[in-house]
Amino acid sequence: MSSGNIGYIDKIAVHLVGNKRTNDILLLSKHLLAIDETLQKLLVGYFNPSFKTEEYFSLYHENDLKYNEVYGFVSTIFEDSSCLMNESINLAKHLYETSYHPNIKEGEFYVVLFRDCTFNSEIVNAVGIFKSENKDTFLKVKPQGGGDFNIETDQGININKLDKGCLIFNIDKGNGYVVAVVDNTNKGEDAKYWIDDFLHVRPRKDEYYNTHNVL
C-alpha cells in the first residue's frame, strides 16, 4: 500500500488565478513568498492532511508525455529549483487557460517545492500545486476603552480545509511521476478542469488500482 507525506517548504510562489471565460483577473507575483517558522508550520498543516489517500495518479498525454504542460514545468523545477518562480508563472497561465467552466471561482494559486518528503519510506522532493477558492467569514472581537468591545468581520482562507491540490513526488518520472490529487470544491463536470484539463492525470496501475478494478 502506498503512502506519502510532505516534508518542509523550501520555496513557494503565490499568484491569483481567475476565470478566463468571465474575464477574471490573472495576477502574477514577481517574487517568491518569504515565510518564517510559524507560517511554515501553518502552511504545511494546511497542505498536508488532505492527501491521506491510497489512490495515486500519473501525469499523461495521449500522444507523448512531453506534451503534458504540467509535466514539463514540474520537471524543470525538479532539475533546477531556482526555476520555481518562472515555472510557477507558467503553471498559473496554464491554469488560467483551462479555467473556462462558468462555476470556476478565482483564488490564490500556490506552487511549492517540498524537501524531505516520504513516499513508501523513500525520501524524495515533491512539487505541490494548490488553489484556494472559497473564503470563510471570521469575527474579530476587539476591546475598546471603558470596558466595551467592538466586533469586526473579515474574510480569509480556512487553513483546515484545502479546496484543490496535487502533490507530485519526484518518483517514476518516465511514467508521469507519482501524483496525489484532491478536489473538495467541485464534482462532476465542474471538477474536470482541474483533474483532466489542467493536470491531465490518470490512475496509476499500482496495487490500489489493480485491487479497485478487481472489486
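What follows is a short chat about strand β10, a nonpolar core and some aromatic pairs in a predicted model.

Student: Any ground rules before we start?
Tutor: This is a predicted model, so local features need pLDDT of at least 70 and side-chain atom pairs count only at pLDDT 80 or more, while totals for chains, interfaces and linings use all residues. Residues are numbered from 1 along each chain as its sequence is written, and side-chain values use heavy atoms, with hydrogens and water left out.

Student: Is strand β10 buried or exposed?
Tutor: Six of the six residues in β10 (178-183) are buried, so the strand is largely enclosed by the rest of the structure. Buried means under 20% relative accessible area, exposed over 50%, partly exposed in between (1.4 Å probe, protein chains only). Strands (E, at least two residues) and helices (H or I, at least four) are DSSP runs numbered from the N terminus.

Student: Which residues point which way?
Tutor: Val-178, Ala-180 and Val-182 point one way, and Val-179, Val-181 and Asp-183 the other.

Student: What about Ile-168, which residues does it contact?
Tutor: Setting aside neighbours within four places in sequence, its contacts (heavy atoms within 4.5 Å) include Phe-78, Tyr-177 and Val-178.

Student: How are the rings of Phe-78 and Tyr-177 arranged?
Tutor: Their centres are 5.4 Å apart and their planes at 55°, so the pair is tilted. Rings of Phe, Tyr and Trp (its six-membered ring) pair if their centres lie within 6.5 Å; planes under 30 degrees apart are stacked, over 60 edge-to-face, the rest tilted. Phe-78 sits in helix α2 (residues 69-79) and Tyr-177 in the loop between β9 and β10, 99 residues apart.
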